[in-house]
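The questions below ask why certain labels are given to parts of this structure. Each answer sets a value against a cut-off and concludes.

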Amino acid sequence: MKILVVGSGAREDAICKALLKNKNTVFCAPGNDGMKLSGIKTISINEDEFDHLTNFVQTNDIDYTVVGPEEPLVNGIVDFFKERKLKIFGPNKLAAQVEGSKTFTKKIMADANIPTAKYHEFTDLENAVEYLTVESSFPTVIKADGLAAGKGVYIVQDLNEALEVVSELLDGHKFNTKRVVIEEYLDGEEFSLMAFVDHKRFYPMPLAQDYKKIFEDDKGPNTGGMGAVCPVGNISEDIKQMAIDQVLEPFVRQLYQEGIKYTGILYAGLISTKDGIKVIEFNARFGDPETEVVLPRLKSDLSDIFVKILNHKKITEINWETKGLNLGVFAVSQGYPQKPIFGSLGKVDDFKNCPLTINFAGVRKQDEELISNGGRLYLMQTQADSLSHAQTDVYQHLQRMNQENIFYRRDIGKNSI
């Protein structure tokens, strides 16, 4: 088949690599220069150029398109393609509101009786300040109601920090925010559960766990994700089944009952608390960096799964690796997430000759070197029989890469024991 993947990050690289396994021709728009090293054909069309993307699909007889990032989904790329009778994998604009609007999703969860944090929403800074000053307890969580590339969630420890954040969001309109959600802080073990969804049917993937904070021991500001592990050693199969029964199944059912025919990937960010499982967030696409450690464990043909869902055919079985685990660590620019500093990442051959899988994100090629071109640069990933072996493998090979302009956490996987 000829398949187009929309996006440019490590998640899209992982999707493309999974699709390449079965001799498909895979294009990525816009992709990045690192992807070309594994035979992915990059196309210089941005993810928001819907006209150009559909023209490319029609001109090149692409069988179907897969959308990686949330922004084109929320902006209606699926509707645009479907109006032109083109097959595309992902939720339409209405369904993508599960990520685009936290208030939309909170209502769906309330209607489906799905456990989540107590919350209040505000569009007015003065009202938010009054609530934080009079009623809120700390720590508390402040979320930008919209897309913020994984950086719009703040866990604030005191009133001063909270006032600074809401002022940034509602007065300074950081991330173009017009509304914030202030919700109770939940304490427990976080994990991610993704599923392929076809209207009423859904097919869960193995659990993963990502590490959002920039520094070791989960310190510092949130990032788009510094690494991930799959499966999650300290989350039992019983808890996974509870997450499926109490979160995924009722959420998918509620969407369908409300006339929202969801097709694509549904991502549930969950936390196991002393009061049971609660939802932190839903996303309308593959997680990043979870995808980079989940898809390598897929034994079934990913393209076949996409095709069956696009044609609304029931999938009888999806096979996953059951032994060992996959661990991925992101190399990011020095100064990320506030002010990334760009520079050389090393010779192209250093990346070609690495025996581990590398999923590329913010990189570009200049002469025979890769140069940083963003905050998160590349994720190095391995499969091993134990966490300690996986960590040794990844960190030994990361240490051999050019260290001058990169930073990475050295404790990814620490919770998965």
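**Labels and their grounds**

Q: What makes K274 and D275 a salt bridge?
A: In this predicted model, the side chains of K274 and D275 meet at 3.5 Å, N to O. The cut-off is 4 Å between a side-chain nitrogen of Lys or Arg and a carboxyl oxygen of Asp or Glu, so the pair counts as a salt bridge.

Q: Why is K274 called buried or exposed?
A: K274 has 80% relative accessibility. Exposed means over 50%, so K274 is exposed. D275, at 59%, also passes that cut-off and therefore counts as exposed.

Q: What makes E121 and R179 a salt bridge?
A: Their side chains meet at 2.8 Å, N to O, which is within 4 Å. E121 lies in strand β6 and R179 in the loop between α8 and β9, so this salt bridge ties together parts that are 58 residues apart in sequence.

Q: Why are E121 and R179 called partly exposed?
A: The label covers values between 20% and 50%. E121 has 33% relative accessibility and R179 has 30%, so each counts as partly exposed.

Q: How do you know that E99 and R285 form a salt bridge, and where do the two residues lie?
A: The N to O value for E99 and R285 is 2.8 Å, and the cut-off is 4 Å. E99 is in helix α5, while R285 is in the loop between β17 and α10 (290-294). The pair links distant parts of the chain, 186 residues apart. Both residues are buried.

Q: How many salt bridges does the rule give?
A: The count comes to 22 salt bridges. Some residues are linked in a network of salt bridges: D218, R409, D411 and K414.

Q: Why does K278 have no salt bridge?
A: The nearest side chain of opposite charge, E184, is 4.1 Å away from K278. A salt bridge needs a value within 4 Å, so K278 and E184 do not qualify. K278 is nevertheless buried.

Q: Where is K278, and which residues does K278 touch?
A: K278 is in strand β17 (residues 276-283). Leaving aside residues up to four places away in sequence, K278 touches P115, T116, E184, L186, G269, L270 and I271.

Q: Why are C16 and C28 not called a disulfide?
A: The sulfur of C16 is 4.1 Å from the sulfur of C28, its closest cysteine sulfur. A disulfide needs two cysteine sulfur atoms within 2.5 Å, so the pair is too far apart for a bond. The closest cysteine sulfur to that of C28 is, in turn, the one in C16. A search of the whole structure finds zero disulfides.

Q: Why are C16 and C28 called buried or exposed?
A: C16 has 0% relative accessibility, and C28 has 0% as well. Buried means under 20%, so both count as buried.

Q: What makes the phi of K85 worth noting, and is K85 buried or exposed?
A: Phi of K85 is near 60°, a positive value in a residue other than glycine. K85 lies in the loop between α4 (77-83) and β5 (88-89). Its relative accessible area is 75%, which is over 50%, so K85 is exposed.

Q: Why is H173 called partly exposed?
A: The relative accessible area of H173 is 41%, between the 20% and 50% cut-offs, so H173 is partly exposed. H173 lies in the loop between α8 (159-171) and β9 (180-184). Its phi is positive, about 55°, although H173 is not a glycine.

Q: Which peptide bonds are cis?
A: A cis peptide bond joins C230 and P231, with omega about -5°. P231 is in the loop between β15 (227-230) and α9 (237-257). A cis peptide bond also joins Y336 and P337, with omega about 5°. P337 lies in the loop between β18 (325-333) and β19 (344-347).

Q: How many cavities of 30 Å³ or more does the search find, and what lines the largest cavity?
A: The search of the whole structure finds one. The largest cavity has a volume of about 50 Å³. Its lining includes V67, L73, F89 and R285.

Key:
Residues are numbered from 1 along each chain as its sequence is written. This is a predicted model: local features need pLDDT of at least 70, side-chain atom pairs count only at pLDDT 80 or more; totals for chains, interfaces and linings use all residues. Side-chain values use heavy atoms; hydrogens and water are left out. Buried means under 20% relative accessible area, exposed over 50%, partly exposed in between (1.4 Å probe, protein chains only). Helices (H or I, at least four residues) and strands (E, at least two) are DSSP runs, numbered from the N terminus. Lys and Arg count as positive and Asp and Glu as negative; His and the chain ends are not counted. Contact means heavy atoms within 4.5 Å. On a 1 Å grid over the protein atoms alone, a cavity is a set of points where a 1.4 Å probe fits but cannot get out, and a pocket is an open set with protein on both sides within 12 Å along at least five of seven lines; lining residues have an atom within 4 Å of a point. Grid points are joined across faces, edges and corners, and a volume is the space filled by probe spheres set on the points.
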